[in-house]
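Visitor: I have a structure open and I'd like to learn how to read it. Could you walk me through it, feature by feature?

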Amino acid sequence: MRDLVLLGSTGSIGTQAIDIVRRNPDRFRVVGIGAGGGNVELLAAQALALGVEVVGVARASAVQDLQLAFYAQAQQHGYATGDFRIPKIVAGPDAMTELAQWPCDVVLNGVVGSLGLAPTLAALRCGRTLALANKESLVAGGPLVKAALTRPGQIVPVDSEHSALAQCLRGGQRGEVRRLVLTASGGAFRDRRRAELENVTPEEALKHPTWDMGPVVTINSATMVNKGLEVIEAHELFDVPYDDIEVVVHPQSVLHSLVEFTDGSTLAQASPPDMRLPIALALAWPDRVPEAAPAVDWTLAHSWELRPLDDEAFPAVRLAKEAGRAGRCRPAIYNAANEECVAAFVAGRLPFLGIVETLEAVLTAAPAYAQPGTVDDVLEAEAWARAQARRLIATGAEGA
């Protein structure tokens with residue numbers, strides 16, 4: 001039995017993790033959950049259903065709403081007074097960090113954004129196994145994360161691509177690895193050349209052909225920035241040089257990534273697109289959870305396509321590698337500037353191609369930040385990147 005703390009329990013990763021827990025009560029027990037506070041009704045329902053010891057909410061003003069939601073949930077399910085217990089509530093900007101230190105075996109970090117970095121560091125320093133779904137932890141704070149590790153293999157990736165790499169890497173020794181190959185669905189515009197991307201709209205960019213994701217991740221898929229972020233993550237997770245990490249487009253999203261070995265062999269992990277598989281594997285690592293997700297139906301014919309990435313149309317991966325090689329705070333700047341550009345694109349203040357063009361301009365103008373020594377160092381670099389991106393976007397809009 002593994003005791004779990006789920007950070008971001010009301011989000012997509014968190015709700016799917018809870019589904020896995022409910023179907024495997026003999027393997028997992030949730031002792032703590034936390035979320036931002038935007039959906040206290042769901043948070044209260046999860047806490048009561050799971051019988052957790054502690055609940056965290058990042059928005060301190062949501063505490064009273066959460067308490068009321070507990071009583072509403074109790075009435076809805078017919079609990080009499082005294083028949084249910086409100087778990088301990090921790091609240092405020094440090095709530096997720098406090099939860100990450102709660103006694104448990106595994107912390108699942110499904111928090112969105114740079115707010116996930118501090119909980120990642122706290123979980124690692126306490127010796128917890130970290131099931132990591134928060135990209136920003138490794139992208140923005142890679143050096144800090146490495147310094148916080150207390151043992152090899154302490155981080156288990158949740159992203160389907162990095163989970164696939166971790167599985168394939170079991171097939172050989174580290175010195176036998178020639179390269180990592182990340183697959184990309186290609187997003188909404190995978191079949192278009194650069195000239196065909198000049199006038200695309202946010203509505204078009206948000207029509208992902210395979211995955212149902214949030215707006216920022218979906219647009220990042222369309223620009224291939226998401227794959228750039230994953231390249232940085234793969235470098236940090238597996239200590240493979242950027243020159244040995246490739247990206248190929250795979251529209252079917254069944255081959256989630258591949259590892260090429262020095263003898264010419266390539267191992268791939270294949271499964272229908274379903275995040276429950278990598279989530280379950282991360283919670284149980286190194287063991288597998290039976291029936292975590294459906295398998296490929298081998299009674300049917302399948303055609304899987306793999307093609308090179310068009311760097312001219314989608315230069316975001318190249319920029320990510322350049323930022324990663326430069327190190328220090330460059331990856332944090334890459335991520336933060338992109339978020340500002342995506343927001344401007346959605347608001348109609350920046351054309352689609354302007355997202356990565358502005359991102360490149362921000363990286364070019366970035367000062368030579370030192371290696372980050374604290375979370376505040378990362379946040380400072382991110383704040384500069386956001387401000388610089390906003391200035392460039394505003395200047396471009398004024399000159400249009």
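Guide: We'll go through the domains, two sheets, one domain contact and some backbone details. Keep in mind that this is a predicted model.

Visitor: Let's start with the big picture. Which domains does the assignment give for the protein chain?

Guide: The assignment lists domain 1 (2-157), domain 2 (160-271 + 298-326) and domain 3 (329-399). Notice that domain 2 is written as two segments, 160-271 and 298-326.

Visitor: Now the sheets. In what order do the 7 strands of the open sheet come?

Guide: Reading across, you get β4-β3-β2-β1-β5-β6-β7, with parallel pairing. At the edges sit β4 (88-91) and β7 (155-157), each pairing on one side only. Neighbouring strands here are turned against each other by 20° on average, direction ignored.

Visitor: Can we zoom in on one pair? How many bridges join β5 and β6?

Guide: There are 4 bridges, in the parallel sense, between β5 (residues 106-109) and β6 (residues 129-132). If you want a spot to click on, take Leu108, whose bridge partner in β6 is Ala131.

Visitor: And which strands does helix α3 lie across?

Guide: Helix α3 (residues 63-76) lies across β3 (54-57) and β4. The helix runs at about 155° to β4.

Visitor: On to the other sheet. What is the strand order where 5 strands form an open sheet?

Guide: This one goes β11-β10-β8-β9-β12, and the pairing is mixed. The edge strands are β11 (266-270) and β12, and each has a partner on one side only. Inside the sheet, β8 (residues 177-184) and β9 (residues 245-249) pair in the parallel sense over 5 bridges. Thr183 stands opposite Val248 in β9.

Visitor: Which strands does helix α7 touch?

Guide: Helix α7 (residues 160-168) packs on this sheet and touches β8, β10 (255-261) and β11, its direction making about 35° with that of β10. Helix α10 (residues 225-238) packs on the sheet too, touching β8 and β9, and makes about 150° with the direction of β8.

Visitor: How do I judge a contact between domains?

Guide: An interface's size is often quoted as the accessible area that is lost when the parts come together. Domain 1 and domain 3 bury about 780 Å² between them, 68% of it on carbon and sulfur atoms. Half the area on the domain 1 side, 50%, comes from Val139, Ala140 and Leu144, more than any other three residues supply.

Visitor: How many residues does each side bring to that contact?

Guide: Domain 1 brings 9 residues and domain 3 brings 12. The centres of the two domains, taken over C-alpha atoms, are 30 Å apart.

Visitor: What about charges and polar pairs?

Guide: Between domain 1 and domain 3 the salt bridge count is 0. There is 1 residue pair in polar contact, with both residues at pLDDT 80 or more. On the domain 1 side, α5 (117-125) and α6 (135-148) each supply at least two residues. The biggest giver on that side is α6, with 6 residues.

Visitor: Last one: what should I look for in the backbone?

Guide: Most peptide bonds are trans, and most residues other than glycine have a negative phi. Here, the bond from Trp285 to Pro286 is cis, with omega near 10°. Pro286 is in the loop between α11 (276-284) and β12 (307-308). Glu291, in the loop between α11 and β12, has a positive phi near 60°.

Methods
Residues are numbered from 1 along each chain as its sequence is written. This is a predicted model: local features need pLDDT of at least 70, side-chain atom pairs count only at pLDDT 80 or more; totals for chains, interfaces and linings use all residues. Side-chain values use heavy atoms; hydrogens and water are left out. Two strands pair if DSSP finds at least two bridges between them. Axes are lines fitted to C-alpha atoms, for helices over the stretch in contact, and angles run from 0 to 180 degrees between N-to-C directions. Contact means heavy atoms within 4.5 Å. Domain bounds come from an automatic or database domain assignment. Buried area is the accessible area (1.4 Å probe) that two parts lose on being put together, summed over both. A salt bridge is a side-chain nitrogen of Lys or Arg within 4 Å of a carboxyl oxygen of Asp or Glu. A polar contact is a pair of N or O atoms within 3.5 Å; within protein, one must be able to donate a hydrogen and the other to accept it, and residues adjacent in sequence count only if both atoms are side-chain atoms.
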